[in-house]
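Opened the notebook for two lookups today: a contact between domains, then a single glutamate. Jotting things down as I go.

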Amino acid sequence: MAPELLQVLEDAKTRWTGKVKPGVDGGGAAAFHLECEAPELPDVCNWLFAERGFSFGGLIIEQRTRWELRYVFYGPDSGWAHVVTFLPATEGRVPSVSRLIHAADWHEREAEDLFGLVFEGHPRLGDFVLHNDVWQEGIEPMRKSFDGSRAVASREPDLTWKPRRIVEEAGAFAMPVGPVYSAATAPVHFQLETVGEDVIRAQPRLFWAYRGLEKIAEGRKADDVLLIAERISGTSAFAHSLALCQAVESLCQIEVPRRASWLRMFLAELERLRHHVAAIAGICESTALSVAAAQAAILEEELLRISGALTGHRYLFGMNVFGGLAADLEDNACRHAAAQVAQVSGRLATLQAMLSTSSSFLDRLENVGNVSASNARDFGLVGPIARASGVSRDLRRAQPYCGYERVEFQVPSESEGDGYARLRVFFQEAAQSARIIVEAAERIPAGRVRTPEAVLRPGAALGWVEAPGGAALHWIRLGDGGVVERYRIVTPSFANWHGFRLAAEDFAFQDFPIILATFALSVHENDR
Amino acid sequence: MSQWVIKGLRSGIKSTRYPRTSETAPGISPGLPVATPMSAELAQAMAARCPTAALEPARTGIDVNLRRCVHCFRCARGGDGAIGWERERDFECAGVTSHGDNFGRVFTRSIHILVVDTGDCGACLNEVKQLNNPYYNMHRLGFFFTPTPRHADVLLVVGALTEHMRLPLRKAYDAMPTPKRVVAVGACALSGGIFGPSFMCAGGVGDFLAVDVEVPGNPPAPLAILHGLLVVAGRKPPAPLYRRIEEVDGQG
């Protein structure tokens with residue numbers, strides 16, 4: 001463990017004498033944990049966050065013989081801290097951390113909705129994951145006693161139900177958008193509150209595509225949960241299946257052959273490149289710059305075809321397995337793909353140069369949808385969105401996996417936090433991904449791509465990746481026989497949707513679709 | 001702004017010539033499993049490998065229910081007797097259900113489509129979006145997306161129907177003028193895929209709405225979805241969604 005983290009651990013012992021039980025996680029995971037009683041929980045978390053420079057990552061809750069609550073924090077530069085508290089099985093109340101650390105807000109709302117735990121002092125619990133117009137109170141699907149395999153006797157939706165309004169000024173009105181809107185969009189509802197020109201409050205109502213993935217994973221074999229991981233977000237399938245694989249591989253100490261690590265990096269970057277190109281296409285389309293949108297769409301389709309020709313699947317499904325990859329790729333095919341990627345990257349650079357001189361396009365992005373660095377940190381934003389606001393954490397750098405420490409790449413970062421900064425970050429990261437792909441194609445070592453004897457054993461572990469949208473954390477607990485007991489998925493879109501309203505509020509209605517496009521959010525990844 | 005006009009012209013025509021001729025570019029489709037002859041014993045073992053029961057052992061080989069296949073490739077990879085896998089050219093796989101009949105001549109060259117995502121993983125939705133990219137350019141065939149059900153002729157549904165999307169889907173369908181058709185796209189919309197049936201997801205949209213055309217795949221290739229739309233328009237014949245080994249043998 002890094003000396004800085006050890007120092008924090010030492011300081012915790014003196015700062016919280018008798019109140020906190022510090023410990024180090026085994027397996028060199030660069031993580032320590034602080035166990036405390038529930039009343040101390042918010043203060044211990046806030047000590048890490050406000051005084052020691054840690055950032056909130058996610059909340060993992062498990063219902064075992066007692067409740068286990070695990071607040072995961074990113075270290076200031078690298079490493080992890082877990083603040084853990086246990087509650088008796090009969091207890092259902094815990095003080096809210098989100099009063100002090102706003103990034104935990106949605107995590108606690110979700111937990112209240114799905115587990116029925118009450119976070120005391122949380123200002124806004126209730127209608128969130130489970131829509132109150134469809135579900136009766138008292139349904140807590142993530143509890144072990146709930147049978148997730150069959151439909152609940154459902155009731156007719158309450159047509160009179162309305163989401164809570166926030167703006168109370170005279171003449172204020174709310175414009176509802178979604179969940180079915182525009183041409184081909186994922187289901188999300190916005191309540192845009194206004195008194196005239198500007199959007200004053202932009203509350204998204206999500207979880208229309210909530211498929212209960214964490215619940216339906218329970219009781220299944222780990223192999224089959226891998227299929228679920230791929231389908232958290234089809235456009236980031238490889239990243240999420242990689243996170244689950246890495247969690248299981250670290251838990252079961254399965255060695256991944258070096259060839260497989262390189263190929264995983266190669267494919268993960270191919271996915272990131274395609275994701276970013278799609279985001280760029282979306283931004284161009286939102287500003288009605290149709291030639292540029294078409295140019296980016298051409299590149300996206302070409303990248304989909306490169307993926308399809310290389311692996312058999314345009315979204316890289318079915319490649320990751322525990323202990324490596326399900327199929328080997330030929331070196332020549334990888335080099336051919338890398339050459340095509342280099343060509344795409346060149347055309348992307350041309351597109352960027354043309355966009356940077358199109359003033360009507362820039363007018364729609366510059367100084368629009370601003371997110372400050374302090375807001376980005378307070379809301380726990382991740383990925384390219386955070387990096388456009390100067391929060392430059394990238395798990396490929398901070399907490400390398402797959403051998404990212406062996407390749408050269410930059411982590412682009414901008415400070416303005418506006419729509420144009422986000423566009424530039426997408427372009428720069430796409431260029432870096434292409435660069436990694438080209439380098440990896442030359443350096444993929446020979447050997448097998450899968451460890452034949454992958455034996456699953458009981459226990460729990462955290463896996464992480466820098467998914468295209470940002471940091472993704474996967475917590476897996478396996479029981480006997482490789483059966484999944486708990487699967488917790490913390491996704492980048494969940495964090496960034498939480499912060500999206502920061503950007504959208506106080507801008508005019510016509511900016512709204514553009515700001516939405518610059519966030520490149522995935523509804524499916526958020527909803528799970 | 002003239003740079004954009006020049007750029008657009010320089011790019012030339014990217015659009016596929018499908019359906020006039022076939023499309024054979026690499027990487028356009030994940031392909032689909034093929035009913036394959038094999039011993040009954042091997043067929044049993046093969047069916048056990050499939051996580052969604054898309055493979056059904058038959059007397060002389062293995063049958064494939066395309067509506068359930070999620071492209072995990074577990075049957076196509078791994079040493080002992082992998083089953084056949086149709087590569088990219090076999091994207092024309094949309095089938096009709098008992099409800100399905102095509103619109104008739106009036107609609108062949110202008111169909112407006114309302115896309116409703118009822119809870120997929122985003123891959124199907126992304127492939128639907130690709131229909132508007134220059135490679136597929138569905139406008140040239142008279143297909144258009146519309147944001148409003150009032151203008152829609154076809155309801156294109158992707159995703160395993162979640163509890164939350166039942167009401168919006170019903171409202172969208174009811175708001176469409178008749179005649180109207182429903183196209184279900186992707187394994188999740190056809191059979192629940194790996195999501196359903198569960199407490200949140202249905203075992204297919206067909207339980208809730210009368211579906212006319214089904215496009216299998218996880219996700220289906222853009223050209224497969226295009227084929228589904230051409231089937232609705234009566235411009236292409238449908239394909240069987242259940243492939244039996246006996247039929248394959250008979251043809252061979």
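Below are my entries, starting with the domains and ending with the glutamate.

**Entry 1: the domains of chain B.** Note to self: this is a predicted model. I looked up how chain B is split, and the assignment gives domain 1 (32–89 + 242–249) and domain 2 (93–232). I get 26 Å between the C-alpha centres of domain 1 of chain B and domain 2 of chain B. For contacts, I find nine residues of domain 1 of chain B against eleven of domain 2 of chain B.

**Entry 2: what gets buried.** Interface size is often quoted as the accessible area lost when the parts come together, so I pulled that next. Domain 1 of chain B and domain 2 of chain B bury about 810 Å² between them, with 57% of it on carbon and sulfur atoms. On the domain 1 side, B:R67, B:V70 and B:H71 lose the most area, together 57% of what that side buries.

**Entry 3: polar side of the interface.** How many salt bridges cross between the two domains of chain B? I get one. B:R67 pairs with B:E214 in a salt bridge, closest N and O atoms 2.9 Å apart. I also count three residue pairs in polar contact between these domains. The touching residues of domain 1 of chain B split into four nonpolar, two polar and three charged.

**Entry 4: A:E414.** I found A:E414 in the loop between α13 (395–398) and α14 (419–443) of chain A. Buried or exposed? A:E414 counts as buried because its relative accessibility is 15%, and the cut-off is under 20%. Its side chain makes polar contacts with the side chains of A:R424 at 2.8 Å and A:Q428 at 2.9 Å. Other residues that A:E414 touches include A:R387, A:S389 and A:V425.

Definitions and conventions: Residues numbered from 1 in each chain as written. Chains lettered and ligands numbered in written order. Predicted model: local features only at pLDDT ≥ 70, side-chain atom pairs only at ≥ 80, totals over all residues. Heavy atoms only, no water. Domains from an automatic or database assignment. Contact = heavy atoms within 4.5 Å. Buried area = accessible area lost by both parts, 1.4 Å probe. Salt bridge = Lys/Arg side-chain N within 4 Å of Asp/Glu carboxyl O. Polar contact = N/O pair within 3.5 Å; in protein donor to acceptor, adjacent residues only side chain to side chain. Nonpolar A, V, L, I, M, F, W, Y, C, P; charged D, E, K, R; others polar. Helix = DSSP H or I, 4+ residues; strand = E, 2+ residues; numbered from the N terminus. Buried < 20%, exposed > 50% of the residue type's maximum accessible area, 1.4 Å probe, protein only. Lists of a residue's contacts leave out its neighbours within four places in sequence.
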